[in-house]
Amino acid sequence: NGPLQVAKILGNDSRLLLPTYQTMMEDPNKEVLMAMIPNLCTALKSFVSPPLKGQSPTIGLQDLIPALLGQEELISKTREWRAYTSLIEAWSELTTILTPEQIHQKFAPRLVRLLSSNIMLPVKRSVLKTLVKFLHTCKYAQQRHELTAQIVKGLSRGKKFNQRLLFVDLCFLVLEKFSKKFFKEYCFTPALLLINDPTPIVRIKSSTLLPHLKSQLKMPSDRPLLQQLEASSRRSLMSERNKDVLTHIQRVCCLFQ
C-alpha cells in the first residue's frame, strides 16, 4: 500500500512513480506479487492520472503490459488459486486503464488460452467473467464479434466436458450483460445443441437454460427459433435414457410450457 499512498499525495505527479511500480511488478518473488494483487488496478488508476499540460509520462502504459502478463505467468506456476482468481478479476478493471486495442491484442488472447488449460475451475470462471467484461466494454464491433465467436466455439465445442459446462456459465453471463439480439446471434443455437450432449451432467446443466432461451424470443419474428427450441426439447425428452437427467429435464420443461 506504500506506493499507493504516495501516489495519492503526489496527485498528477503520481505517474513519476510508475518506473518504481513497474520494477515491483516484475519482481520474481511471489510474495511481492501476492501483496500487490489486492490493490493492483487501484494503484494503476492512481498512477495513470492525466499528465499536466506540456508534460509527457516517464513511462507509458504499454510498458506495463509485459509486467502484467508476467504476473499471470508467475502465479500460474504456483498453487495459489485464490490469488490467481483475484489477479484475473483485477484484470477486468484494465478496461478503464488500457485501450481497446491493447486489451484485444494482449490480454484477451491470453485469457482465451486459459479457458482450455488445466487451471482450476474457480480460476476459469474468473477468466470467463473478465472476458465478458472485455466484450461488454469493447467499442469496436469487429473485435467484439471475433472474440465472442472464438469463446463460444472454443467452449461449446470443447472436447472436455468442463469446457462445455463453462459455456452454460457463459450463457448466463451473456443473458445478464447483453441484449436479446446478441444472445440469439451467438449463444442460442450452441445452447440448444448441448441439451443432447453425450455427458449427462452437461445435459442437466444446459437444460436449465431452456426457460431463459424462450424468454429471449419475440414473436412472430423468432418463431423459427421457438420451433427449434420445442423440437430440441421434445427430442431430448424422447431420447433420454438417464433417469436423473430425464427427471430434471421434465421439471425444467414444465417451467416454459
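The following dialogue examines two residues and one helix of a predicted model.

Guide: Residues are numbered from 1 along each chain as its sequence is written, and side-chain values use heavy atoms, with hydrogens and water left out. In this predicted model, local features need pLDDT of at least 70 and side-chain atom pairs count only at pLDDT 80 or more, whereas totals for chains, interfaces and linings use all residues.

Visitor: Why is Ser-92 called buried?

Guide: Buried means under 20% relative accessible area, exposed over 50%, and partly exposed in between (1.4 Å probe, protein chains only). Ser-92 has a relative accessible area of 11%, and is therefore buried.

Visitor: What does Ser-92 contact?

Guide: Leaving aside neighbours within four places in sequence, Ser-92 is in contact with Thr-130, Lys-133 and Phe-134; contact means heavy atoms within 4.5 Å. Two of the residues named, Thr-130 and Phe-134, are among the buried residues of helix 8.

Visitor: Why does the span of helix 8 agree with what is expected?

Guide: The expected span of a helix is 1.5 Å times one less than its number of residues. The 17 residues of helix 8 (residues 121-137) should therefore span 24 Å, and the end C-alpha atoms are 25 Å apart, which agrees. Helices here are DSSP runs (H or I, at least four residues), numbered from the N terminus.

Visitor: Why is Gln-228 called partly exposed?

Guide: The relative accessibility of Gln-228 is 36%, so this residue counts as partly exposed. Gln-228 lies in helix 15 (residues 223-239) and touches Thr-189 and Leu-192, not counting residues up to four places away in sequence.
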